[in-house]
Amino acid sequence: FLTADARETRAIHSESVQLTVTSPPFLNIVQYSQDNWLRGWFNMIDPETVRITLARTVEKWNGVMSGVFQELHRITRGGGYVAFEVGEVRNGSVKLDEHVIPIGLAAGFHCEGLYINTQKFTKTANIWGIHNNTLGTNTNRIVLFRKYHEGNS
């Protein structure tokens with residue numbers, strides 16, 4: 001178990017990971033430490049001790065994700081996959097998958113596909129004032145990347 005900046009995971013050996021499934025912060029629109037207090041409690045991690053990048057601009061977010069993808073490429077073995085889940089922000093005007101795909105390609109991955117799941121909100125979403133496809137992140141966008149073995153394309 002490792003708690004570290006995803007751009008610097010030196011404790012993970014190069015080309016040692018077959019599959020990474022992750023979801024980065026969606027800019028600065030969610031307070032992740034507050035929203036994940038139960039996960040922290042369950043894993044005996046104080047959320048206040050974990051530094052989470054909350055980029056205010058898409059450009060800053062892209063810069064951070066570029067570093068993340070460089071590190072993901074280092075740790076992923078040939079033939080391995082990265083499933084990178086993002087969403088849309090700013091009332092749907094910014095679809096983060098449109099930014100992630102070029103970043104992953106630039107890091108050396110191949111994009112195998114994009115899965116878009118439109119949310120179906122439950123009755124409990126009404127507690128927070130969320131109605132189907134009106135506010136918040138309304139889709140899950142999973143970009144699947146693969147790192148090919150050297151010499152394969």
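The exercises below walk through the sheet, one helix, the aromatic rings and the salt bridges of this structure, each with a worked solution.

The model is predicted, and local features need pLDDT of at least 70, side-chain atom pairs count only at pLDDT 80 or more, while totals for chains, interfaces and linings use all residues. Residues are numbered from 1 along each chain as its sequence is written, and side-chain values use heavy atoms, with hydrogens and water left out.

**Exercise 1. The sheet**

Work out the order of the strands in the open sheet, and find which strands stand at its edges.

Solution. Begin with the vocabulary: helices (H or I, at least four residues) and strands (E, at least two) are DSSP runs numbered from the N terminus, and two strands pair if DSSP finds at least two bridges between them.

Step 1. The open sheet has four strands in the order E1-E2-E6-E5, and its pairing is mixed.

Step 2. Strand E1 (17-22) and E5 stand at the edges with a single partner strand each, so one side of each is left without a neighbour in the sheet.

Step 3. Now follow the pairs across the sheet: E1 and E2 run parallel and are joined by five bridges, with Phe84 in E2 as the bridge partner of Thr22. Strand E2 (residues 76-86) pairs with E6 in the antiparallel sense over six bridges, and here Tyr81 stands opposite Arg146 in E6. Strand E5 (residues 110-118) is also antiparallel to E6, over eight bridges, and Tyr115 has Ile142 in E6 as its bridge partner.

**Exercise 2. Helix H4**

Determine which residues of H4 are buried and where they lie around the helix axis.

Solution. Two cut-offs are needed: buried means under 20% relative accessible area and exposed over 50%, with partly exposed in between (1.4 Å probe, protein chains only), and contact means heavy atoms within 4.5 Å.

Step 1. The buried residues of H4 are Asp97, Val100, Ile103, Gly104 and Ala107. Seen down the axis of H4, these buried residues fall within an arc of 125° (taken from the directions from the helix axis to the C-beta atoms), so they line one face of the helix.

Step 2. Glu98 and Ala106, on the other side of H4, are exposed.

Step 3. The buried residues of H4 pack against H3, E2, strand E4 (94-95), E5 and E6. After H4 comes Gly108, whose phi is positive, near 115°.

**Exercise 3. The aromatic rings**

Trace the cluster that ring pairs build around Phe69.

Solution. Rings of Phe, Tyr and Trp (its six-membered ring) pair if their centres lie within 6.5 Å; planes under 30 degrees apart count as stacked, over 60 as edge-to-face and the rest as tilted.

Step 1. The structure holds four aromatic pairs. One of them is the tilted pair of Phe69 and Phe84, at 4.7 Å centre to centre with 45° between the planes. This pair links distant parts of the chain, with Phe69 in helix H3 (residues 58-75) and Phe84 in strand E2, 15 residues apart. Phe69 is buried at 0% relative accessibility, and Phe84 is buried at 1%.

Step 2. Phe69 also forms an edge-to-face pair with Phe109, at 6.0 Å centre to centre with 80° between the planes. Phe69 lies in helix H3 and Phe109 in the loop between helix H4 (97-107) and E5, so this pair ties together parts that are 40 residues apart in sequence.

Step 3. Taken together, ring pairs link Phe69, Phe84, Phe109 and Phe145 into a cluster.

**Exercise 4. The salt bridges**

Find what joins Arg141 to Asp97, and which parts of the chain are linked by Glu15 and Lys147.

Solution. A salt bridge is a side-chain nitrogen of Lys or Arg within 4 Å of a carboxyl oxygen of Asp or Glu.

Step 1. The whole structure holds five salt bridges. Among them is that of Arg141 and Asp97, whose side chains meet at 3.1 Å, N to O. Arg141 is in strand E6 and Asp97 in helix H4, 44 residues apart. Arg141 is buried at 8% relative accessible area, and Asp97 is buried at 4%.

Step 2. Glu15 forms a salt bridge with Lys147, the closest N and O atoms being 3.5 Å apart. Glu15 lies in the segment before E1 and Lys147 in the segment after E6, so the pair ties together parts that are 132 residues apart in sequence.
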